[in-house]
Amino acid sequence: MAISAEKCRLCGGDTEPQFRCLVLGRHQVAYQRCRACGSLQTETPSWLAEAYDSSLASSDVGAVQRCLTARAALWSVLGLLGLRHARLLDFGGGTGLLCRLLRDLGIDAWTTDRYGRGDFAQSYRVDADALTCGRFDILTAFEVFEHLPDPKNDLARLFALQPRLLLASTLPYRPDLGADWWYLAPAEGQHVFFYSRQALADYAKTEGYSLISVGAWQLFLRDPPGRLRQALVRLALRGRVLRLVRLLMEVLPADRHVAADHLACRRAVDQPTLRQ
């Protein structure tokens with residue numbers, strides 16, 4: 001069966017067929033590459049309600065490890081950029097585990113997710129529909145971009161919040177990657193758009209941001225630091241350095257911050273969320 005091409009959902013460019021995959025074990029889905037920005041997308045995803053029957057995919061056994069690595073990355077990057085005291089929102093925060101880990105370090109972190117309940121940070125959940133410009137200095141979106149069915153408009157809503165830093169993680173797509181690329185994750189059906197590195201850089205410019213891209217880490221900066229600090233940020237996001245930081249972070253004291261949040265939650269026991 002021929003694959004009918006659609007317009008790119010990020011840049012509007014023409015696409016060309018690449019391959020098909022069996023999504024959720026029952027949907028034959030076409031994947032198409034954009035001739036303009038080089039990104040890869042599924043056909044218009046009509047199966048997302050099925051895919052999000054559970055917010056955490058059954059095969060996503062690395063979710064906890066990603067949170068620990070993201071905590072280390074944020075601790076390093078925010079320190080280098082002088083942003084450890086800024087207010088942070090973890091967009092697509094799922095269980096709220098990363099939010100809780102960051103609050104244990106004294107970072108003013110909050111979480112939001114249309115599909116996840118944020119069980120680990122129940123008093124620090126934010127309604128995604130109530131977000132306003134300037135409310136948060138930092139946005140994080142770890143393993144979120146590839147889930148967005150309408151990336152042009154979905155990303156525009158994120159950048160409309162005008163954070164000083166948006167730190168995301170998503171693996172860039174390359175044209176040599178085929179139907180066997182593990183990041184497609186067709187069995188779970190939640191990954192529907194895959195950005196080329198150039199597409200990420202071009203989109204950053206359209207929103208008035210600069211991009212620092214290190215592997216899967218994508219940093220969108222409204223006011224980019226100087227070359228030396230950029231080099232240090234890149235170094236901090238390298239695998240060996242992150243593993244060392246993860247190890248060192250286990251000795252950082254958390255009792256004071258846990259106790260402070262516990263007291264605040266007790267005071268707000270009759271409120272669905274804490275006053276911001």
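**Exercise 1.** Classify the residues that line the largest cavity as nonpolar, polar or charged.

*Solution.* Step 1: apply the classes, in which Ala, Val, Leu, Ile, Met, Phe, Trp, Tyr, Cys and Pro count as nonpolar, Asp, Glu, Lys and Arg as charged, and the others, Gly among them, as polar. Step 2: list the lining, namely Leu-10, Phe-145, Leu-155, Tyr-195, Ala-199, Leu-200, Tyr-203 and Phe-220; lining residues have an atom within 4 Å of a point of the cavity, a set of points on a 1 Å grid over the protein atoms alone where a 1.4 Å probe fits but cannot get out. Step 3: the result is 8 nonpolar, no polar and no charged residues.

The model is predicted, with local features needing pLDDT of at least 70 and side-chain atom pairs pLDDT 80 or more, while totals for chains, interfaces and linings use all residues. Residues are numbered from 1 along each chain as its sequence is written, and side-chain values use heavy atoms, without hydrogens and water.

**Exercise 2.** Determine which helix gives the most residues to this lining.

*Solution.* Helices are DSSP runs (H or I, at least four residues), as are strands (E, at least two), numbered from the N terminus. Helix H5 (residues 197–206) gives the most, with 3 residues.

**Exercise 3.** Explain why the buried residues of helix H4 (residues 151–159) lie on the same side.

*Solution.* Step 1: Pro-151, Asp-154, Leu-155, Leu-158 and Phe-159 are buried, meaning under 20% relative accessible area with a 1.4 Å probe, protein chains only. Step 2: these residues lie on the same side of H4 because they cover an arc of only 135° around the axis, taken from the directions from the helix axis to the C-beta atoms.

Definitions and conventions:
On a 1 Å grid over the protein atoms alone, a cavity is a set of points where a 1.4 Å probe fits but cannot get out, and a pocket is an open set with protein on both sides within 12 Å along at least five of seven lines; lining residues have an atom within 4 Å of a point. Buried means under 20% relative accessible area, exposed over 50%, partly exposed in between (1.4 Å probe, protein chains only).
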